[in-house]
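Me: Could you walk me through some of the terms used for this model? I'd like to see how each label is earned.

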Amino acid sequence: MNRMRGMFRVYRCNHCRNIGYSHVETEDEASRCSLCQGIILHEAGTLYAVTVQEAQSCVRELVIESQISKVKQGGNGRGIGIKRRVFNIIESLIDMNRGRAVSIENVMRECSEAGIDLGRAMKFMDTLESEGAICNNGVAVSLTKEAWTDV
């Protein structure tokens, strides 16, 4: 399906497991996850849709398949924990900032938009700092060298 006009890539993000769709001109064009801003590339089996309605329908089907698969595997369906979501948000913001530290204000804004209570987000940022995954100087947050190699 190598079209030269716009289409919609339906994806499951490798970073945060979000299921969504994004507009691309060609299969080779990279796009971003709507939740964590992780880079989405064309992979074997990637779905493409011509219209928004078709893309939305594909997303619904993927979500349903995902839920059925979790039930069959005995999963509880809760998804990733808040600590991991906060870390993913920090990691994504730093990626978008070309590896440079990001302000705590930006992290909190993203956490709020992701539906994470700000008090809990701060608690988990403190936990991540005590575990050595992030460095927090009170103004900006960065990943430690260990976090870059562990993740």
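Me: Which residue in E2 is the bridge partner of Met 7?

Reply: Happy to help! The bridge partner of Met 7 in E2 is Val 24. Keep in mind that this is a predicted model, where local features need pLDDT of at least 70 and side-chain atom pairs count only at pLDDT 80 or more, while totals for chains, interfaces and linings use all residues. Residues are numbered from 1 along each chain as its sequence is written, and side-chain values use heavy atoms, leaving out hydrogens and water.

Me: What makes E1 and E2 a pair?

Reply: Strands pair if DSSP finds at least two bridges between them. Strand E1 (residues 7–12) and E2 have 6 bridges, in the antiparallel sense, so they pair by that definition.

Me: Why do E2 and E5 count as edges of the sheet?

Reply: The open sheet has 3 strands in the order E2-E1-E5. Strand E2 (19–24) and strand E5 (47–49) each have a single partner strand, so one side of each has no neighbour in the sheet.

Me: Why is H2 called roughly perpendicular to H4?

Reply: Their axes, lines fitted to C-alpha atoms over the stretch in contact, give angles from 0 to 180 degrees between N-to-C directions. Helix H2 (residues 82–96) and helix H4 (residues 118–130) cross at roughly 80°, with axes coming within 9 Å. Angles of 65 to 115 degrees count as roughly perpendicular, so H2 is roughly perpendicular to H4.

Me: Which residues is Cys 111 in contact with, leaving aside neighbours within four places in sequence?

Reply: Cys 111 is in contact (heavy atoms within 4.5 Å) with Val 86, Ile 89, Ile 116, Leu 118 and Ala 121.

How values were computed
Helices (H or I, at least four residues) and strands (E, at least two) are DSSP runs, numbered from the N terminus. Angles under 35 degrees count as roughly parallel, over 145 as roughly antiparallel, 65 to 115 as roughly perpendicular and the rest as oblique.
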